[in-house]
Amino acid sequence: MTAGQAGRRRKRRRRRRRSPPSRMYRKEKSILLKDSSLALYNNMSVLPLPAKQLTYFASVHGTTVNMVSASDDGLSFSHRQLQAKEGSLGVGASIITQAAWCVLPSRVLLVLTSRKGIQMYESDGSIMVYWHALEGLESPPGKAVFARGIAATGQRFVCVGTSLGSVLVFDVPAKGTNVTLSEVLEKHCDSITDIAGELCEQPEGVPDLVTADDSGALCVWFSGEKFTLANKIPASECTCSSVKLWNGIIAAGYGNGHIRLYEAASGILRAEVRAHARWIYALDLAPLSGKLLSVAEDSFVQVWKLSPSPDSEGIEIQHCHAECVTDTMICGARFCNPEGSAFAVTGFELSEIIHYVLV
């Protein structure tokens, strides 16, 4: 090898070392909203409809839910603003605290929580199916009453949390409006922040619901004709703002920016990672890949990969991707499909949904 060839090879090596690492996702064209998103926990819901080649997006702004239907080719968008009303009379708009699609085997409902009650709509928001008022709940003096935390579980149940720490379990029929309140779960002492159902099919006798509250406590449940408590993970030093349940693993995001991974059946802490510098606002999990999405006040979006450890009973968490949405407090994030090959985020005072796809 000549001296010139050796010099050129050293230059190529230096260029390779300076080149940035490959990116897992790339940013696509943003989806505009009619109104900006508020700084609420888990302020985004996504409903993929592969048969129609559409994806629904929703975020909350005050008394309104911003809904967008986007075609998979990114060329067609349809907007709707759903204003929650009190009861079937359609009067008295209330402040909405969360909107989420609940996917059951027999139907899909769009569920809204507010300071006045709980509303369930057909998936496109066209027809109100059910209204449940909160006015009958007794609260301590000076404590606001509202609903927050929404999840489907089992074959026919939708669970909704309240600021009093109770979890309302609704029995949803395969069709029609005969939704009934079947049970009230009362194991939390603080306001419910989030609820998650098991994302993967599990054998009978495995916990399939987790509820989180302002103190950081988690309750793990078996659903059924009568819900039973599997275990309770004690309160921590800060709020658990978002929670997911996947393959018997609980992923919990906290106000100190940490993500903790628990074994659902035992409540044992298996892993903890300092994921963000500030308060985590939302988590999501892609059930077919085990990818975990986290967003926070620190303007960062992180993608992780969860997998069982081959050498122990632990859980491995691998960092895969990071994005910075400059000067934005990110408050909502969801994968757009079960594989986790695309995700969307929004933030406080953002009038758009930022969309990313796998490279």
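In the predicted model, Asp171 has a relative accessibility of 18% and therefore counts as buried, the limit being under 20%. This residue lies in strand 13, which spans residues 167–171. The side chain of Asp171 is joined to the side chain of Arg156 by a polar contact of 2.9 Å. Arg156 also appears among the residues that Asp171 touches, when those up to four places away in sequence are not counted. The others in that set are Phe157, Asn178, Val179, Thr180 and Ser182.

Strands 3, 4, 5 and 6 form an open sheet in the order 3-4-5-6, and the pairing is antiparallel. Its edges are strand 3, residues 45–49, and strand 6, residues 77–83, each of which pairs on one side only. From one strand to the next, the twist averages 15°. Within this sheet, strand 5 covers residues 64–71 and is joined to strand 6 by seven bridges, the two strands running antiparallel. Across this pair, Val65 stands opposite Leu82 of strand 6.

A further open sheet of four strands has the order 23-24-25-26, again with antiparallel pairing. Strand 23 (280–286) and strand 26 (315–324) each have a single partner strand, so one side of each is left without a neighbour in the sheet. Neighbouring strands here are turned against each other by 20° on average, with direction ignored.

Although strand 23 stands at an edge of the sheet, this strand is mostly covered, with seven of its seven residues buried. Strand 23 runs antiparallel to strand 24, residues 291–296, and six bridges join the two. Two of the pairings can be named: Ile280 has Ala296 of strand 24 as its bridge partner, and Asp284 is partnered by Leu293 in strand 24. The two strands form a hairpin with four residues between them, and in this hairpin Gly290 takes a positive phi near 75°.

Ser294 is a residue of strand 24. With a relative accessible area of 0%, Ser294 is buried, because the limit is under 20%. Its side chain makes a polar contact of 3.1 Å with the side chain of Trp304. Leaving aside residues up to four places away in sequence, Ser294 touches Ala282 and Leu283, and strand 23, at 280–286, includes these positions. Ser294 also touches Ile259, His276, Phe300, Val301, Gln302 and Trp304. Trp304 is thus both a contact of Ser294 and its partner in the polar contact between side chains.

Ile249 belongs to strand 20, which covers residues 249–254. The relative accessible area of Ile249 is 7%, which means that this residue is buried, the limit being under 20%. With residues up to four places away in sequence not counted, Ile249 touches Lys244, Leu261, Tyr262 and Ile315. Position 315 belongs to strand 26, an edge strand of the sheet with the order 23-24-25-26. Ile249 can also be placed relative to the hairpin of strands 23 and 24: the C-alpha atoms of Ile249 and Gly290 are separated by 10 Å, and the two residues are 41 residues apart along the chain. Gly290 is the hairpin residue with the positive phi.

Definitions and conventions. Residues are numbered from 1 along each chain as its sequence is written. This is a predicted model: local features need pLDDT of at least 70, side-chain atom pairs count only at pLDDT 80 or more; totals for chains, interfaces and linings use all residues. Side-chain values use heavy atoms; hydrogens and water are left out. Two strands pair if DSSP finds at least two bridges between them. Axes are lines fitted to C-alpha atoms, for helices over the stretch in contact, and angles run from 0 to 180 degrees between N-to-C directions. Buried means under 20% relative accessible area, exposed over 50%, partly exposed in between (1.4 Å probe, protein chains only). A polar contact is a pair of N or O atoms within 3.5 Å; within protein, one must be able to donate a hydrogen and the other to accept it, and residues adjacent in sequence count only if both atoms are side-chain atoms. Contact means heavy atoms within 4.5 Å.
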